[in-house]
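Got your viewer open? Let's take a short walk, one selection at a time.

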Amino acid sequence: MQAIARENNLSETAFFVPTKEGYDLRWFTPTTEVELCGHATLASGYVIFNYLEDAPETIRFSTRSGPLTVERRDDLLAMNFPMRTPERCLTPPSELVHGLGRTTEQFLAFGETEGSGYYLAVFQSEEEVRRLVPDFSMLAQLGPMIVIVTAPGEKADFVSRCFAPSFGIDEDPVTGSTHCVLAPYWAGRLGKESLHAQQVSARGGELFCELLENRVSIAGNAVCYLEGTIDI
């Protein structure tokens with residue numbers, strides 16, 4: 001699976017197999033297996049719904065992050081993911097500040113004490129987030145920490161970008177797992193539980209988030225752009 005993901009050279013490649021309860025699901029970047037991935041889970045749900053079987057309205061996956069589901073919701077597919085509430089990071093690592101090229105009003109973290117997780121840098125405007133030119137070699141020195149930058153959105157509740165060079169991904173185009181961190185932060189800041197988000201990478205994406213007790217619903221669209229076979 002790792003070799004296939006390396007050949008694909010995409011942010012993540014998902015692999016799933018049927019079980020009695022649903023499907024086992026795993027995700028690989030070009031360099032490593034990851035604990036949680038949103039867009040590849042959404043894509044897996046789309047393939048099962050549209051190509052593999054007359055699936056029920058909800059698909060259940062067993063993963064390294066526990067049970068996950070994907071359900072049809074009108075024109076969207078909605079994932080049910082674990083909530084990851086970030087905490088204030090009073091002394092951000094120098095590699096984080098220098099890697100982003102600037103400091104900002106607030107840094108937060110989730111999983112920092114475990115040595116892997118997320119750093120969240122909060123900026124004042126969408127333009128600041130869009131204009132960032134990170135030093136990926138510096139951010140890679142943080143180890144297995146994903147770096148999220150975010151700000152209030154101009155046409156959405158908030159915007160974000162995601163950098164993960166230590167996982168072989170300089171910038172991820174759309175990242176469902178980071179919204180497990182972003183949704184609780186912005187829900188608390190804006191005082192609302194349903195949020196419209198945009199990831200403003202070069203490819204970009206639109207997400208619809210909703211807090212569900214200790215879970216986060218993350219919904220988006222999926223389309224098929226390629227079908228084919230590989231030789232192993």
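Here is a tour with three stops, starting inside and ending at the surface. Keep in mind that this is a predicted model.

**Stop one: a serine in a helix**

Select residues 39-52 to light up helix H2, then pick out Ser44 within that helix. Is Ser44 buried or exposed? With a relative accessible area of just 3%, Ser44 counts as buried. Now show its neighbors: leaving aside residues up to four places away in sequence, Ser44 touches Ala14, Phe16, Leu25 and Phe61.

**Stop two: the cysteines**

Next, select Cys37 and Cys180. How many disulfides does the model have? The count is zero. To see why for Cys37, draw a distance to Cys162, which holds the closest cysteine sulfur: the gap is 10.0 Å, so that's too far for a bond. A disulfide needs the two sulfur atoms within 2.5 Å. Try Cys180 too: its closest cysteine sulfur sits in Cys209, 8.5 Å away, and again that's too far for a bond. While you're here, check how covered these residues are: Cys37 is buried at 1% relative accessibility, and Cys180 is buried at 0%.

**Stop three: out to the surface**

Finally, turn on the surface and select Leu10, Tyr225 and Leu226. Together they make a nonpolar patch with about 390 Å² of accessible area. Zoom in on Tyr225, which lies in the segment after strand E15 (215-220). Tyr225 has a relative accessible area of 69%, so this residue counts as exposed, whereas Ser44 from the first stop is buried.

Technical notes:
Residues are numbered from 1 along each chain as its sequence is written. This is a predicted model: local features need pLDDT of at least 70, side-chain atom pairs count only at pLDDT 80 or more; totals for chains, interfaces and linings use all residues. Side-chain values use heavy atoms; hydrogens and water are left out. Helices (H or I, at least four residues) and strands (E, at least two) are DSSP runs, numbered from the N terminus. Buried means under 20% relative accessible area, exposed over 50%, partly exposed in between (1.4 Å probe, protein chains only). Contact means heavy atoms within 4.5 Å. Patches are made of residues with over 30% relative accessible area and no salt bridge: like charges are joined within 9 Å, nonpolar side chains (Val, Leu, Ile, Met, Phe, Trp, Tyr) within 5 Å. Accessible areas come from the Shrake-Rupley method with a 1.4 Å probe; for residues, only the protein chains shown count as cover. A salt bridge is a side-chain nitrogen of Lys or Arg within 4 Å of a carboxyl oxygen of Asp or Glu.
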